[in-house]
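Please walk me through this structure in connected prose, with attention to where individual side chains lie and to what surrounds them.

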Amino acid sequence: MERMTERVVLITGGGGGIARGIARAFADEGAKLILTDLFPGGMEKTKAMLEQDFGAEVFTYVADGAREEEVKAAIEAGAAHFGKLNVVINNAQASASGLTLVQHSREDFDIAIHSGMYATFFYMKHAYPYLKETHGSVINFASGAGISGKPGQSSYAAAKEGIRGMSRVAANEWGADDINVNVVCPLVMTDKLAQWGKENPEMFQKNLDDIPLGRYGDAEKDIGKVCVFLASYDAKYITGDTIFIQGGVGMKP
């Protein structure tokens, strides 16, 4: 359908598997991509894949989302390269998982808050002037871990719920500029999850059995396609919302 033709989409954490799947979904719809990441290796692999498989135009920029000046420079460079910016997707996040709340240190919390909540804040803040011009969209990533209070995820959950609150404020403040801001909570298969499943097959199967649709989501076909919809003109009347892409897990009344 190529709903993203001539639209410029920035995706953070561009070297990771989830971001790669999202980028593929947007490239398949004709988007031009700006990828940012702290590490260049995976990001360049994503770029090469998008160019080969879709003939996509891809601009990459190494930036630490926790450093505001680097985020600002990445946005300015990407927007200058393509001449505009239509969509920002804040996907990147690091955290200390598997630690109870009392086991967490200040440093553990700093990792989650700076890589997730602060990075999302910086990307939104510095993308705003460009999104105002294009009546663009923001898609931020949260998690069911924060909504359900999953044990062992206190710093991660705190960062993700902070992102949800900030997104709702932005949706209210930016509505007059015709910028829509939404949040997605995905349940997605990753290389790390697959490896964990091999090491813990019984627990993996138990988790799988709790998913009504009986499978984990695919980064491109499930998560990426929903992001494409939220960034498209079809979804311009949706803002400030949290979209669950979890196969039915944690369904709400």
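Is C185 buried or exposed? With a relative accessibility of 0%, C185 counts as buried, and it should be said at once that this statement, like those that follow, concerns a predicted model. C227, likewise at 0% relative accessibility, is also classed as buried. A disulfide is a covalent bond between the sulfur atoms of two cysteines. The cysteine sulfur closest to that of C185 belongs to C227, and because the separation is 11 Å, the two are too far from one another for a bond. Seen from the other end, the sulfur of C227 has its closest cysteine sulfur in C185, again at 11 Å and too far for a bond. A disulfide would require the sulfur atoms to lie within 2.5 Å, and the count of disulfides by this rule is zero.

The next element to consider is helix α2, which spans residues 40-54. Its 15 residues reach 21 Å from the first C-alpha to the last, close to the 21 Å expected at 1.5 Å a residue. The buried residues of this helix are M43, T46, K47 and L50. They cover an arc of only 100 degrees around the axis, and therefore they lie on the same side of α2. The spacing can be read against a general property of such helices: an α-helix has 3.6 residues a turn, so residues three or four places apart point the same way. What covers the buried residues of α2 includes helix α1 (17-28) together with the strands β2 (32-37) and β3 (58-62). On the face turned away from the buried side, α2 carries the exposed residues G41, K45 and Q52. After the helix comes G55, which has a positive phi, near 65 degrees.

A positive phi also occurs at residues that are not glycine. Most residues other than glycine have a negative phi, and most peptide bonds are trans. E6, although not a glycine, has a positive phi of about 70 degrees; this residue is placed in the segment before β1 (8-12) and is partly exposed, with a relative accessible area of 45%. H135 is not a glycine either, and its phi is positive at about 55 degrees. H135 lies in the loop between α4 and β5 (137-141), where it is partly exposed, with a relative accessible area of 39%.

The aromatic side chains give another view of the model. A pair of aromatic rings is described by the distance of the centres and the angle of the planes. By the pairing rule, with ring centres within 6.5 Å, the count comes to four aromatic pairs. In one of them, the rings of F121 and F122 have their centres 5.4 Å apart and their planes at 45 degrees, so the pair is tilted. F121 is partly exposed, with a relative accessible area of 34%, whereas F122, at 9% relative accessibility, counts as buried. The rings of Y128 and W174 also form a tilted pair, because their planes stand at 35 degrees, with the centres 4.9 Å apart. This pair links distant parts of the chain, since Y128 belongs to helix α4 (residues 106-134) and W174 to helix α6 (residues 154-174), 46 residues apart. Y128 is partly exposed at 23% relative accessibility, while W174 counts as buried at 10%. Y118, F121 and F122 form one aromatic cluster. A ring also meets a charge in this model: the charged end of R7 sits over the ring of Y233, 4.6 Å from its centre.

Two further buried residues show what surrounds a side chain in a strand and in a loop. I89 is found in strand β4 (residues 87-90) and is buried, with a relative accessible area of 0%. Leaving aside neighbours within four places in sequence, I89 is in contact with V9, L10, I11, T12, I22, F26, I139 and F141. Y216, by comparison, is placed in the loop between α8 (201-209) and α9 (219-231), and it is buried, with a relative accessible area of 12%. Not counting residues up to four places away in sequence, Y216 touches L187, V188, M189, L193, F204, N207, L208 and I211.

Methods: Residues are numbered from 1 along each chain as its sequence is written. This is a predicted model: local features need pLDDT of at least 70, side-chain atom pairs count only at pLDDT 80 or more; totals for chains, interfaces and linings use all residues. Side-chain values use heavy atoms; hydrogens and water are left out. Rings of Phe, Tyr and Trp (its six-membered ring) pair if their centres lie within 6.5 Å; planes under 30 degrees apart count as stacked, over 60 as edge-to-face and the rest as tilted. Buried means under 20% relative accessible area, exposed over 50%, partly exposed in between (1.4 Å probe, protein chains only). Helices (H or I, at least four residues) and strands (E, at least two) are DSSP runs, numbered from the N terminus. A charge sits over a ring if NZ of Lys or CZ of Arg is within 6 Å of the ring centre and within 35 degrees of the ring normal. The expected span of a helix is 1.5 Å times one less than its number of residues. The arc is that of the directions from the helix axis to the C-beta atoms. Contact means heavy atoms within 4.5 Å.
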